[in-house]
Every structure is written in structure tokens, then in C-alpha cells.
Amino acid sequence: MAFCGLVALETLKPALTFPACAPTPHETEGPFYPVAFPLDKNNDLTFLEGTSKQAEGETIYVTGRVQDEACRPVPGAMVEIWQACSTGKYNHPRDKNPARLDPNFQYWGKAVSDANGEYGFKTVKPGSYPVDGLWTRPPHIHFYVRSKNYSELTTQMYFAGEALNDKDRLLGDHPEAEREKFIVGFHRIKEKRIGLFNLTLKKS
Ligand SMILES: [Fe+2]
């Protein structure tokens with residue numbers, strides 16, 4: 001996998017504040033799962049093949065382990081992510097946000113967990129976006145994870161320290177302890193901004 005060599009996951013483990021192998025709670029898929037996929041079907045969302053420009057915004061690395069409730073790695077799991085670009089706009093016909101699309105951002109990506117269950121993405125921090133006049137969604141990344149013999153997981157990952165987290169209606173549906181499982185602290189390691197988001201699947 002492209003990012004396994006960058007940082008040993010051990011480095012980030014002290015940042016965990018929740019039971020490591022409790023199932024990752026579900027969250028809604030939302031309205032913006034892609035209706036058309038980019039030509040690049042990989043785990044680097046910051047660069048489109050055939051172009052010369054990088055996506056706008058702060059580059060981040062999201063990595064973690066797909067695991068079961070006994071903390072055993074789940075290799076071969078398909079991990080998909082989709083998200084808004086740095087302006088808070090999705091590449092989706094239903095997104096009415098007037099914010100500008102970034103033509104150099106990939107918006108969706110996929111990775112397969114390796115023999116240790118590890119996956120990784122290079123992307124940009126998404127912008128927040130308005131849902132209605134009273135609700136602005138905090139920056140987040142959507143995840144869809146599937147693997148043979150496990151229940152599918154659809155969830156979202158949030159960024160620690162965002163004031164909008166406290167007002168978000170979706171996050172607010174979860175008890176305080178559960179919310180911590182979605183909210184990831186990012187740490188700068190060797191010039192890279194990296195967050196650890198483990199994904200714990202239930203047996204089907
Ligand atoms: Fe979203």
C-alpha cells in the first residue's frame with residue numbers, strides 16, 4: 001500500500017482515546033455518494049492522472065487499520081471514501097452549494113487493506129458546507145467499508161478541534177463516548193499531517 005511505509009501506526013496509537021476494538025458506529029451515507037467515478041480509482045485524491053496541478057487545500061493523510069471486534073486485522077477489505085473539496089463542494093449534481101469545485105481534486109478514492117489490515121489515503125481537508133440556514137456541516141470524510149464475512153460499514157470521520165462538531169446534528173445523534181470514535185486528531189509527523197482512523201467491523 002502506498003502509505004504504509006510513511007509512518008508506523010504504532011506512532012499514533014497514544015492518540016487513541018476510545019476502546020480500540022469497539023465496533024465503529026454507523027452514520028448515514030448522505031446524499032452525495034458519487035453517481036460517476038473518476039478515472040483515477042486509487043488512494044491519492046490530491047492528484048488526477050493526466051493533469052499537472054495538485055488539488056487545493058491542506059494535504060492530509062488518513063490511515064488506520066480495518067479490524068474485527070477481537071482486534072484482529074481484516075486484510076483485503078475494500079475501503080471507499082468520498083468528500084467535499086477544500087471549498088466544501090461535492091462533485092455531485094445534487095449539491096446546490098454555490099462554492100467552487102476544485103477541478104484538480106478526485107473527490108472519491110478507494111484502498112484495499114493490506115495483510116496487516118492497514119489502509120491509507122492522501123487527500124485534502126474538506127471544507128465545511130451549508131445544509132440549510134441553521135446548519136453547517138463540519139469538515140468530514142465519508143467512508144464505506146466492506147469485506148467478506150463482515151457487515152458493511154458506512155460512516156463518517158470528523159476532525160478534532162472543529163467548533164462546528166459541537167453543533168452538528170448528525171454527530172449530536174450519538175452519545176458523547178461514541179462521538180469520540182468518529183473525531184480524529186491530526187498530528188504532524190515528518191512534515192505530513194496524519195490522522196489515525198481505525199475501522200472496526202462486525203461479523204455478519
Ligand atoms: Fe458529507
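Begin by selecting N149, which is exposed, with 9 other C-beta atoms within 10 Å; a residue is called exposed if 12 or fewer other C-beta atoms lie within 10 Å of its own, buried if there are 20 or more, and partly exposed in between, with C-beta atoms placed from the backbone. The model is a predicted one, in which local features need pLDDT of at least 70 and side-chain atom pairs count only at pLDDT 80 or more, while totals for chains, interfaces and linings use all residues. Residues are numbered from 1 along each chain as its sequence is written.

**The turn at N149 and its hairpin**

N149 sits in the loop between strand 7 and strand 8, and its phi is near 75 degrees, a positive value in a residue other than glycine. Strands here are DSSP runs of E with at least two residues, and helices are runs of H or I with at least four, both numbered from the N terminus. Now extend the selection to residues 140-146, which are strand 7, and to strand 8: the two pair in the antiparallel sense over six bridges, where pairing requires that DSSP finds at least two bridges between two strands. Together strand 7 and strand 8 form a hairpin with six residues between them. To check the register, display H142, which stands opposite Q156 in strand 8, and then I141, which stands opposite M157 in strand 8.

**Strand 8 and the open sheet**

Colour residues 153-159 next; six of the seven residues of this strand 8 are buried, so the strand is largely enclosed by the rest of the structure. On to strand 9 (residues 183-184), which runs parallel to strand 8 and is joined to it by two bridges; here F159 stands opposite V184 in strand 9. Widening the view, an open sheet of five strands has the order 3-2-7-8-9, with mixed pairing. Its edge strands are strand 3 (108-112) and strand 9, each of which pairs on one side only.

**The nonpolar core**

Keep M157 and V184 displayed and add V66, V79 and V145: these five have the most contacts inside the largest nonpolar core, which has 40 residues. Such a core is a set of buried Ala, Val, Leu, Ile, Met, Phe, Trp, Tyr and Cys residues joined through C-beta atoms within 7 Å. In soluble globular proteins, nonpolar side chains tend to be buried together. Centre on V66, whose contacts beyond four places in sequence include V79, Y119, V145, L199 and L201; two residues are in contact if their C-beta atoms, placed from the backbone, lie within 7 Å.

**A second hairpin**

Move to K190, in the loop between strand 10 (186-189) and strand 11 (192-196). With 8 C-beta neighbours inside 10 Å, K190 counts as exposed, and its phi is near 50 degrees, a positive value in a residue other than glycine. Strand 10 and strand 11 form a hairpin with two residues between them, run antiparallel and are joined by four bridges. Among the facing residues is H187, which stands opposite I194 in strand 11.

**P25 and the segment before strand 1**

Select P25 in the segment before strand 1 (59-68); P25 is partly exposed, with 16 other C-beta atoms within 10 Å. Leaving aside neighbours within four places in sequence, P25 is in contact with T155, H174, E178 and K181. As a distance to draw, the C-alpha atoms of P25 and Y119 are separated by 19 Å, the two residues being 94 apart along the chain.

**Where to read with caution**

Colouring by pLDDT, the predictor's confidence in each residue from 0 to 100, brings out residues 1-7, over which the value stays under 50 and for which the model has 20 contacts beyond four places in sequence. Residues 13-17 also stay under 50, with four contacts beyond four places in sequence. Across the chain the mean pLDDT is 91, and 90% of the residues reach 70 or more.

**The whole chain**

Finally, zoom out to the full chain, which has one helix and 12 strands, following the pattern β-β-β-β-β-β-β-β-α-β-β-β-β along the sequence. A compact globule of 204 residues would have a radius of gyration near 17 Å, and the chain, at 16 Å, agrees; the radius is taken over C-alpha atoms, and the globule rule is 2.2 Å times the number of residues to the power 0.38. Buried residues make up 37% of the 204 residues.
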